[in-house]
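Visitor: I've got a chain up on the screen and a handful of questions. Could you walk me through it?

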Amino acid sequence: MLFDITQLALERAIEGAGKRHEALAANLANANTPGYQRVDVEFHGALASAMERGEDAKGSLHAMTFAPARDGSAGAQRADGSTVDVESESAKLAANALEHQAAVQVAHARIGILKAAMGTGV
C-alpha cells in the first residue's frame, strides 16, 4: 500500500498541529478578553495510542478528528477571569510550529523517496 501507517500518522500529526495552532492563536487573540478560558487541541495522546496498535490503527487514524477543548489544566485565573498567559501561549505556539514543520518535512521526504523508488523523480 502506498500510504502506510507511518504516512497516515504523519498526516494526522500535521492536521493535529494545524488545529492546535488555530487554538493557540485564538488564545493569544483573546488574551485581553475578560473571562476568556484558554483552549487547546490534544492530539499527541490519541496519536500515540493509535501508533501502539500498529497496523490495526489504520481505521482509527482515518477517522481521527481534532477539536479545541477548554484546557482544564490551565494556569492561574487572572483578575479579569481569563486563563491566558501570553508568554506561555507564545512559547506553546512556537513549539507547535516547529513540530508542524518537522512533520511536514518528514512527510515530504517520505513522498520523495516513494517517487524516487517508482522512478518518477523528485
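Visitor: Let's start with Asp-4: buried, exposed or partly exposed?
Guide: Keep in mind that this is a predicted model. Asp-4 sits in the segment before H1. Buried would need under 20% relative accessible area and exposed over 50%. Asp-4 has 26%, so the label is partly exposed.

Visitor: How far is Asp-4 from Lys-58, C-alpha to C-alpha?
Guide: In sequence, these two are 54 residues apart. In space, the gap between the C-alpha atoms of Asp-4 and Lys-58 is 8.4 Å.

Visitor: Now Val-86 and Leu-98. Which class does each get, exposed or partly exposed?
Guide: Helix H4 holds Val-86, and Leu-98 has its place in helix H4 too. The cut-off for exposed is over 50% relative accessible area. Val-86 comes out at 39%, so it counts as partly exposed. Leu-98 has 58%, so its class is exposed.

Visitor: What does Val-86 touch, leaving aside neighbours within four places in sequence?
Guide: A contact here takes heavy atoms within 4.5 Å. With the neighbours within four places set aside, Val-86 has as its partners Leu-28 and Ala-31.

Visitor: How far apart in space are Val-86 and Ala-102, and how far apart are Leu-98 and Ala-17?
Guide: Val-86 and Ala-102 are 16 residues apart in sequence, and their C-alpha atoms are 24 Å apart. For Leu-98 and Ala-17, the sequence separation is 81 residues. The C-alpha distance between Leu-98 and Ala-17 is 9.5 Å.

Visitor: Zooming out, in what pattern do the helices and strands follow each other?
Guide: The protein chain has four helices and two strands. Read along the sequence, they give α-β-α-α-β-α.

Visitor: Is the chain a compact globule or more spread out?
Guide: The C-alpha trace spans about 60 × 30 × 15 Å along its principal axes. For 122 residues the globule rule gives 14 Å, and the radius of gyration is 18 Å, well over that, so the chain is more spread out than a compact globule.

Visitor: Which helix gives the most residues to the largest nonpolar core?
Guide: In soluble globular proteins, nonpolar side chains tend to be buried together. The largest nonpolar core here has 21 residues, and those touching the most other members include Phe-43, Leu-47 and Ala-50. Helices H1 (5-29), H2 (44-52) and H4 (86-118) each give two or more residues to this core. With seven residues, the top contributor is H1.

Visitor: Sticking with Ala-50, which residues is it in contact with beyond four places in sequence?
Guide: Ala-50 is one of the core residues that touch the most other members, as are Ala-57, Leu-61 and Met-64. Leaving out neighbours within four places, the contacts of Ala-50 are Ala-57, Ser-60, Leu-61 and Met-64.

Visitor: And what share of the accessible surface belongs to carbon and sulfur atoms?
Guide: Of the 122 residues, 30% count as buried. The accessible surface of the chain is about 7100 Å², and the share from carbon and sulfur atoms is 59%.

Visitor: Last one: how far apart are the centres of the positive and negative side chains?
Guide: There are 11 positive and 15 negative side chains in the protein chain. The centres of the two sets are separated by 4 Å.

Notes
Residues numbered from 1 in each chain as written. Predicted model: local features only at pLDDT ≥ 70, side-chain atom pairs only at ≥ 80, totals over all residues. Heavy atoms only, no water. Rg over C-alpha atoms; globule rule 2.2 N^0.38 Å. Buried < 20%, exposed > 50% of the residue type's maximum accessible area, 1.4 Å probe, protein only. Areas by Shrake-Rupley, 256 points an atom, 1.4 Å probe, with all protein chains shown as cover. Lys, Arg positive; Asp, Glu negative; His and termini not counted. Charge placed at Lys NZ, Arg CZ, Asp CG, Glu CD. Core = buried A, V, L, I, M, F, W, Y, C linked by side-chain atoms within 4.5 Å.
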